[in-house]
Amino acid sequence: MILDAAAVDAVIAIAMREDKPWGDVSSAAFIPESSESQALLRAREPGVMAGASVFERAMRWGAEEAVRVQLRVQDGDAFAAGDVLAEVSGSSRAILGNERVALNLVQRMCAVSSTTARLVALVAGTGARVVDTRKTTPGLRLLEKYAVRCGGGFNHRFSLSDAIMLKDNHLEPLLAEFTRNGSVDLDAAAAEVRSRRRAAGHTLHLEIEVDRPELIDFALNAGANTIMLDNFAAADVRAAAAHIGDRAHVEVSGNITAETIADYAAAGAEVISVGALTHSAPAVDLGLDFVTSTPTTPSP
């Protein structure tokens, strides 16, 4: 996955307008325009890097000729507490005016990549993929999904336009159309899904979420390429995966934690989707420490 430069710039532009709508009044009032400084981006806890280029772009925002950034690590690299991740030098005013946005973005991205890496390590060797969801921070989906890749995970669909995915809230009104006297004609419903899927185009992947075992055959008959087992116990996933076989990919979702993810992988899940990769990843503590500044007037 490659970060689109225009999309990244759009995110940074919004963040900068939010943080300094009329400029940095503190620096303008107290920092001489000619002052120059050097600062280090330092890790205060271990993690996995994501967003190195985003940090660089944000630090140089509006001051490309006045600020220099030397990256010490690349995206996907693990780092330890105390490691220097980047060196920033140049205009003190520009550095001070851009540091918060740059730190906010890189800390958020490192949070996602580091959380992802921890879960990926727990299923290493099983063949299961840890993937994200659409439970992302509004406006930051591109950056957060990129960070998942930096942590060794994979991306689910990026948007509602990428694939057909019938979740419980889709199935409730759909199945209601085939319900008579409290009984659902699942065969007729499956035939309807197959018919509508043909109208949608042959290139679209079809995924169907099921929250109970009796819907698995419905999903298979409907022609699902992937069946998502939602909130199934690991033992039930094992039975479901054996029943599905190679007729569809098996995905699991719902309440996946560091304590349970290996059990789901061992039970036969090919894809493990985890909303917490993006909606609950704790920020990684990074700091920008000024280490030298150039006097603006000669020493006596």
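Is Gln107 buried or exposed? Gln107 is buried, because its relative accessible area is 12%, and the cut-off for buried is under 20%. Keep in mind that you're looking at a predicted model. Let's start with the whole chain, then zoom in on helix 4, which holds Gln107 and packs with helix 5 and with helix 1.

**The whole chain**
- If you count up the secondary structure, you get 11 helices and 14 strands.
- The chain has a radius of gyration of 24 Å, while a compact globule of 300 residues would come in near 19 Å.
- Draw a box around the C-alpha atoms along the principal axes, and you'd need roughly 95 × 35 × 30 Å.
- Of the 300 residues in the chain, 45% are buried.
- Take the contacts with a separation of 6 or more: 70% of them join residues that sit 24 or more positions apart.

**Gln107, up close**
- To find Gln107, look in helix 4.
- Leaving out residues up to four places away in sequence, Gln107 touches Arg100, Ala283, Val284, Asp285 and Leu286.

**Helix 4 with helix 5**
- A quick tip before the numbers: two packed helices are described by the angle between their axes and the distance between the axes.
- Helix 4 covers residues 92-122 and helix 5 covers residues 141-150; they pack at an angle of about 45 degrees, with their axes 7 Å apart.
- That angle is neither under 35 degrees nor in the 65 to 115 range, so helix 4 and helix 5 are oblique to each other.
- The crossing of helix 4 and helix 5 is right-handed.
- On the helix 4 side, the contact uses Leu105, Arg108, Met109, Val112, Ser113 and Thr116, and these meet Leu143, Glu144, Tyr146, Ala147, Val148 and Cys150 from helix 5.
- Sort the residues of this contact by class and you get 8 nonpolar, 2 polar and 2 charged.

**Helix 4 with helix 1**
- Helix 1 runs over residues 5-19 and packs with helix 4 at an angle of about 130 degrees, their axes being 10 Å apart.
- Helix 1 and helix 4 are therefore oblique to each other.
- Here, too, you'll find a right-handed crossing, as helix 1 passes helix 4.
- Val11, Ile12, Ala15, Met16 and Asp19 are the helix 1 residues in this contact, and they meet Gly97, Asn98, Arg100, Val101 and Leu105 of helix 4.
- By class, the contact of helix 1 with helix 4 splits into 6 nonpolar, 2 polar and 2 charged residues.
- Look out for Leu105, which turns up in the contact with helix 5 and in the contact with helix 1.

Technical notes: Residues are numbered from 1 along each chain as its sequence is written. This is a predicted model: local features need pLDDT of at least 70, side-chain atom pairs count only at pLDDT 80 or more; totals for chains, interfaces and linings use all residues. Side-chain values use heavy atoms; hydrogens and water are left out. Axes are lines fitted to C-alpha atoms, for helices over the stretch in contact, and angles run from 0 to 180 degrees between N-to-C directions. Helices (H or I, at least four residues) and strands (E, at least two) are DSSP runs, numbered from the N terminus. Angles under 35 degrees count as roughly parallel, over 145 as roughly antiparallel, 65 to 115 as roughly perpendicular and the rest as oblique. A crossing is left-handed if the near helix is turned anticlockwise from the far one by less than a right angle, and right-handed if clockwise. Contact means heavy atoms within 4.5 Å. Ala, Val, Leu, Ile, Met, Phe, Trp, Tyr, Cys and Pro count as nonpolar, Asp, Glu, Lys and Arg as charged, and the others, Gly among them, as polar. The radius of gyration is taken over C-alpha atoms; the globule rule is 2.2 Å times the number of residues to the power 0.38. Buried means under 20% relative accessible area, exposed over 50%, partly exposed in between (1.4 Å probe, protein chains only).
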